[in-house]
Amino acid sequence: MIQELKNSYGSLFEEALINEIVQVGTYKEVPAGFKLIEIGSYIKGMPLLVSGAIKVLREDKNGDELLLYYLEKGETCSMTMTCCMGQTKSEIRAIAETDTKLIMIPIQKMELWMSTYKSWRDFVFESYHNRLNEMLHTIDSIAFDNMDERLLNYLKEKARVNKDHIIRNTHQEIAYELHSSRVVISRLLKKLENLGKIELHRNYIEIINLD
């Protein structure tokens with residue numbers, strides 16, 4: 001665990017903090033699709049991603065989801081930190097997008113390290129800043145972009161995060177994450193195929209050229 005931790009966070013944290021994380025952190029390996037956090041649950045620890053990616057989603061009153069952002073290597077979720085330190089229920093759902101390795105940090109240490117390690121404090125504040133910008137980007141996309149643009153950006157980000165030009169989500173799953181309908185998504189995917197940007201197959205979507 002210590003080598004993976006140094007590879008991901010060695011440039012951010014001092015050695016003493018790295019050593020503490022190794023002592024108190026819980027190392028986990030989870031498969032793609034694994035639900036790490038559920039809406040309405042209490043969170044007792046904060047994840048530090050060592051490898052892989054996690055998607056963070058919000059749910060409306062009808063149970064429909066909206067993809068907020070992805071977490072990747074060297075990152076954490078500020079909304080998780082807020083729930084932990086405020087001892088409030090989670091308002092987000094977090095699901096492993098790919099096979100993921102992470103270290104869970106207990107809530108007691110999170111607060112202590114804020115006053116003990118400047119690198120931890122800087123990391124927490126930067127995480128808040130980055131996640132806020134990503135949520136603002138999502139809000140702007142919903143408010144100002146048409147669904148064609150949102151779908152195109154979604155496919156680009158999906159391919160980048162998974163490091164794969166094959167996207168194995170169904171049209172319905174994409175519709176859920178973009179808070180749209182399957183009919184609309186299927187129509188727009190067909191349009192992208194006609195433009196030569198993707199190829200639609202029975203169980204997957206192949207990215208050809210999204211530039």
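**Briefing: sheets, helices and surface contacts**

Helix H5 covers residues 118-144, and Ile 139 is one of its residues. The model is predicted. Two open three-stranded sheets are described below, one in the order S1-S7-S3 and one in the order S8-S10-S9. The structure also holds 16 salt bridges.

**Sheet S1-S7-S3**

- Three strands make up this open sheet, and their pairing is antiparallel.
- Its edges are strand S1 (26-30) and strand S3 (45-51), each of which pairs on one side only.
- From one strand to the next, the twist averages 30°.
- Five bridges connect S1 with strand S7 (residues 100-106), in the antiparallel sense.
- Val 30 has Thr 100 as its bridge partner in S7.
- Helix H1 (residues 2-9) packs on this sheet and touches S1, S3 and S7. The direction of H1 makes about 85° with that of S3.
- H4 packs on the sheet as well, touching S3 and S7, and its direction makes about 75° with that of S7.

**A salt bridge between helices**

- General background: side chains of opposite charge can pair when their charged atoms come close.
- Among the 16 salt bridges is one in which the side chains of Lys 109 and Glu 20 meet, at 3.7 Å from N to O.
- Lys 109 belongs to helix H4 (residues 107-116) and Glu 20 to helix H2 (residues 15-24), so this pair ties together parts that are 89 residues apart in sequence.

**Sheet S8-S10-S9**

- This open sheet has three strands with antiparallel pairing.
- Strand S8 (166-167) and strand S9 (198-200) are the edge strands, and each pairs on one side only.
- S8 is joined to strand S10 (residues 205-207) by two bridges, and the two strands run antiparallel.
- Ile 166 has Glu 206 as its bridge partner in S10.
- Helix H8 (residues 182-194) lies across S9 and S10, and runs at about 125° to S9.

**Annotated region**

- UniProt lists residues 145-211 as "domain: HTH crp-type", in an unreviewed entry.
- Over residues 145-211, the chain is 54% helix and 12% strand.
- The end C-alpha atoms of that stretch are 17 Å apart.

**Surface patch**

- Leu 132, Leu 136 and Ile 139 form a nonpolar patch on the surface.
- Together these three residues have about 270 Å² of accessible area.
- Ile 139 of this patch is found in helix H5.

Key
Residues are numbered from 1 along each chain as its sequence is written. This is a predicted model: local features need pLDDT of at least 70, side-chain atom pairs count only at pLDDT 80 or more; totals for chains, interfaces and linings use all residues. Side-chain values use heavy atoms; hydrogens and water are left out. Patches are made of residues with over 30% relative accessible area and no salt bridge: like charges are joined within 9 Å, nonpolar side chains (Val, Leu, Ile, Met, Phe, Trp, Tyr) within 5 Å. Accessible areas come from the Shrake-Rupley method with a 1.4 Å probe; for residues, only the protein chains shown count as cover. A salt bridge is a side-chain nitrogen of Lys or Arg within 4 Å of a carboxyl oxygen of Asp or Glu. Helices (H or I, at least four residues) and strands (E, at least two) are DSSP runs, numbered from the N terminus. Two strands pair if DSSP finds at least two bridges between them. Contact means heavy atoms within 4.5 Å. Axes are lines fitted to C-alpha atoms, for helices over the stretch in contact, and angles run from 0 to 180 degrees between N-to-C directions. UniProt positions are given in the numbering used here, feature names are shortened, and annotations may be inferred rather than shown by experiment.
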